[in-house]
Amino acid sequence: AGPAAGAGERHALLVAVKQYDRTQLTNLDHTENDVAVLAEVLRQGGYKRVVLLTQSQGSFDARFLPTSANIRRELRSLIEGRQADDTIVIAFCGHGVQLAGIDEPWFCPMDASLKDRKTLISLSEVYDAMGRSKARAKVL
């Protein structure tokens, strides 16, 4: 018999953006609170690693700012080394956009520039990364 369901490690990446360049997008009031509450629930539920990328966390350590580069780095870190019985959870709290002429939804990190797709996180990029993970349980 194999290991019990859920016997593996649990890891989460929670991203929230509350303040944007006001020439690009409006600010949001409750995003950081939403991921902070989710982080607490996951920790109480036995998650081994819960990474929060928020502007509040980033004010203490810039590697925790919700920038496109930091999100991509943490996403790679989240999926690397996972085993089949592991669980990964990814949550984005902030603006999303769909650009004209492109049938693709995008998450807007704090450094989002709507004219530069490299500063946005495409959901297909996230799904592709999740697909490469050996973890069987994956939630976005």
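Let's start with Glu9, which is partly exposed, with a relative accessible area of 31%. Keep in mind that we are looking at a predicted model. Glu9 has a partner: its side chain meets that of Lys48 in a salt bridge, at 2.9 Å from N to O. The two come from distant parts of the chain, 39 residues apart. Glu9 sits in the segment before strand E1, which covers 10–16, while Lys48 is in the loop between helix H1 (31–44) and strand E2 (49–53). And how accessible is Lys48? Lys48 comes out at 58% relative accessibility, which is above the 50% cut-off, so Lys48 counts as exposed.

The count for the model comes to 6 salt bridges, and I'd like to show you a couple more. Arg49 and Glu74 bring their side chains together at 3.0 Å, N to O. Here again distant parts of the chain are linked: Arg49 belongs to strand E2 and Glu74 to helix H3, residues 68–79, with their positions 25 residues apart in the count. Is each partner buried or exposed? Arg49 has 28% relative accessibility and counts as partly exposed, whereas Glu74, at 8%, counts as buried. This pair also belongs to something wider, a network of salt bridges that links Arg49, Arg73 and Glu74.

One more pair before we move on. Arg82 and Asp86 form a salt bridge at 3.5 Å, N to O. Both residues are buried: that goes for Arg82 and for Asp86.

Now to the inside. The largest nonpolar core has 26 residues, and those touching the most other members are Leu13, Leu53, Val97, Cys108 and Leu120. Which elements supply it with at least two residues each? They are E1, E2, H3, E3, E5 and helix H4, which covers 123–132. Helix H3 gives the most, with 4 residues.

If you click on Val97, you can follow its surroundings. Leaving out residues up to four places away in sequence, Val97 touches Leu25, Glu104, Pro105, Trp106, Cys108, Leu114 and Leu120. Cys108 and Leu120 you have already met among the core residues that touch the most other members. Apart from this core lies another one, of 12 residues, and Val35, Tyr47, Val50 and Val89 are among them.

Let's go back to helix H3 for a moment, and to Ser68, which lies in it. Ser68 has a relative accessible area of 6%, so it is buried. What does Ser68 contact, setting aside neighbours within four places in sequence? The list is Pro109, Asp111, Lys118, Thr119 and Ile121.

Between Pro109 and Asp111 in the numbering is Met110, in the loop that runs from E5 to strand E6 (121–122). Met110 is partly exposed, with a relative accessible area of 25%. Its C-alpha lies 5.8 Å from that of Val17, although the two are 93 residues apart in sequence. Not counting residues up to four places away, Met110 touches Val17, Gln19, Tyr20, Gln55, Leu65, Pro66 and Thr67.

On to the aromatics. The count comes to 1 aromatic pair. Why is that pair called stacked? The ring centres of Phe92 and Phe107 are 4.6 Å apart and the planes are at 25 degrees, which is under the 30 degrees allowed, so the pair counts as stacked. Phe92 comes from strand E3, residues 87–93, and Phe107 from strand E5, residues 105–107, so to speak two distant parts of the chain, 15 residues apart. Phe107 counts as buried, at 4% relative accessibility.

Phe92 also leads us towards the end of the chain, to Leu140. Leu140 is placed in the segment after strand E7, 137–139, and counts as partly exposed at 37% relative accessibility. Besides Phe92, Leu140 touches Ile90, Val126, Tyr127 and Met130, again not counting residues up to four places away in sequence. Leu140 and His11 are 129 residues apart in sequence, with 12 Å between their C-alpha atoms.

Last stop, the surface. Val37, Leu38 and Val41 form a nonpolar patch there, with about 230 Å² of accessible area together. Val37 has its place in helix H1, and at 47% relative accessibility Val37 counts as partly exposed.

Key
Residues are numbered from 1 along each chain as its sequence is written. This is a predicted model: local features need pLDDT of at least 70, side-chain atom pairs count only at pLDDT 80 or more; totals for chains, interfaces and linings use all residues. Side-chain values use heavy atoms; hydrogens and water are left out. A salt bridge is a side-chain nitrogen of Lys or Arg within 4 Å of a carboxyl oxygen of Asp or Glu. Buried means under 20% relative accessible area, exposed over 50%, partly exposed in between (1.4 Å probe, protein chains only). Contact means heavy atoms within 4.5 Å. Rings of Phe, Tyr and Trp (its six-membered ring) pair if their centres lie within 6.5 Å; planes under 30 degrees apart count as stacked, over 60 as edge-to-face and the rest as tilted. Patches are made of residues with over 30% relative accessible area and no salt bridge: like charges are joined within 9 Å, nonpolar side chains (Val, Leu, Ile, Met, Phe, Trp, Tyr) within 5 Å. Accessible areas come from the Shrake-Rupley method with a 1.4 Å probe; for residues, only the protein chains shown count as cover. A nonpolar core is a set of buried Ala, Val, Leu, Ile, Met, Phe, Trp, Tyr and Cys residues joined through side-chain atoms within 4.5 Å.
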